[in-house]
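Student: I have a model open and want to learn how to read it. Can you take me through the features one at a time?

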Amino acid sequence: MTFDRFDWHYDDAAEAYRKRNNIIGELTEEQEQEICLYAADHIGLFLRWIIENGFEGDGDGEEEIVQEGCERVRKGEITGTEYLMEYCDGKFWDIDICDDIKPFVMEYYYPDDETRPYQYFKDIIEAIGRDNLYQIISGDKEYNALKPLIDRAYKAITKQEK
């Protein structure tokens with residue numbers, strides 16, 4: 001099951017990028033790559049939290065490669081967004097997380113009931129201080145603002161599941 005993909009957000013990120021930079025017409029390859037990072041950033045922040053908490057999956061038989069990427073995130077060599085793009089082909093799948101964390105992700109990040117809010121998106125908007133997710137490629141500052149919100153949600157949701 002796919003939780004999220006950067007390409008689902010690409011058009012919105014491109015529109016925000018064009019507007020912010022007053023670009024009309026063709027984009028360069030460099031600009032398109034930058035837009036991909038804007039489109040993937042919110043996913044990467046969540047993956048960083050997953051990796052830092054040891055909740056990553058085995059990558060469907062790619063354990064060695066996944067562990068290499070996760071270790072690079074933990075060491076600060078790459079961001080969660082770079083991990084998503086390089087190691088997950090821009091897609092956040094259920095195989096990217098361990099089974100223990102799936103109920104939390106389903107409740108917090110990707111509720112399958114359209115009447116329930118996407119709490120993660122509310123939290124990320126609060127943490128980054130912008131109402132448009134596609135305006136920033138985050139760093140440690142944004143992650144450190146978001147991390148306690150995810151931690152709080154994790155404790156609340158996993159407590160109610162038990």
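Tutor: We go from the overall fold to salt bridges and then to backbone angles.

Tutor: Some ground rules come first. This is a predicted model, where local features need pLDDT of at least 70, side-chain atom pairs count only at pLDDT 80 or more, and totals for chains, interfaces and linings use all residues. Residues are numbered from 1 along each chain as its sequence is written, and side-chain values use heavy atoms, without hydrogens and water.

Student: How many helices and strands does the protein have?

Tutor: Helices (H or I, at least four residues) and strands (E, at least two) are DSSP runs, numbered from the N terminus. Here there are seven helices and two strands. Their order from the N terminus is β-α-α-α-α-β-α-α-α.

Student: What does the radius of gyration say about the protein?

Tutor: The radius is taken over C-alpha atoms, and the globule rule is 2.2 Å times the number of residues to the power 0.38. For 162 residues, the rule puts a compact globule near 15 Å; the protein has 16 Å, which agrees. Along the principal axes, the C-alpha atoms fill a box of roughly 55 × 35 × 30 Å.

Student: What share of the residues is buried?

Tutor: Use relative accessible area: buried is under 20%, exposed is over 50%, and partly exposed is in between (1.4 Å probe, protein chains only). By that scale, 48% of the 162 residues are buried.

Student: And how do I read the contacts?

Tutor: A contact means heavy atoms within 4.5 Å. Take the contacts between residues at least 6 apart in sequence: 64% of them join residues at least 24 apart.

Student: How many salt bridges are there?

Tutor: Side chains of opposite charge can pair when their charged atoms come close. The rule asks for a side-chain nitrogen of Lys or Arg within 4 Å of a carboxyl oxygen of Asp or Glu. The count is ten.

Student: Show me one inside a helix.

Tutor: Look at R48 and E52. Their closest N and O atoms are 2.9 Å apart. Both residues sit in helix α2 (residues 29-52), four residues apart, about one turn of the helix. R48 is buried, at 16% relative accessible area. E52 is partly exposed, at 34%.

Student: Which residues make a salt bridge in helix α3?

Tutor: R74 and E71 do, with closest N and O atoms 3.7 Å apart. They are three residues apart in α3 (residues 63-74), again about one turn. Both are partly exposed: R74 has 33% relative accessible area, and E71 has 35%.

Student: What does the bridge between R72 and E86 tie together?

Tutor: The closest N and O atoms of R72 and E86 are 3.1 Å apart. R72 lies in helix α3 and E86 in helix α4 (residues 80-87), so this pair links parts that are 14 residues apart in sequence. R72 is partly exposed, at 23%. Shared partners also matter when you read bridges: R48, E52 and D140 are joined into one network.

Student: Where should I look for a positive phi?

Tutor: Most residues other than glycine have a negative phi. N22 has a phi near 50°, a positive value in a non-glycine residue. N22 sits in the loop between α1 (10-21) and α2, and is exposed at 68% relative accessibility.

Student: Is D89 buried or exposed?

Tutor: D89 is exposed, at 53% relative accessible area. D89 has a positive phi of about 55° without being a glycine. Find D89 in the loop between α4 and β2 (91-93).
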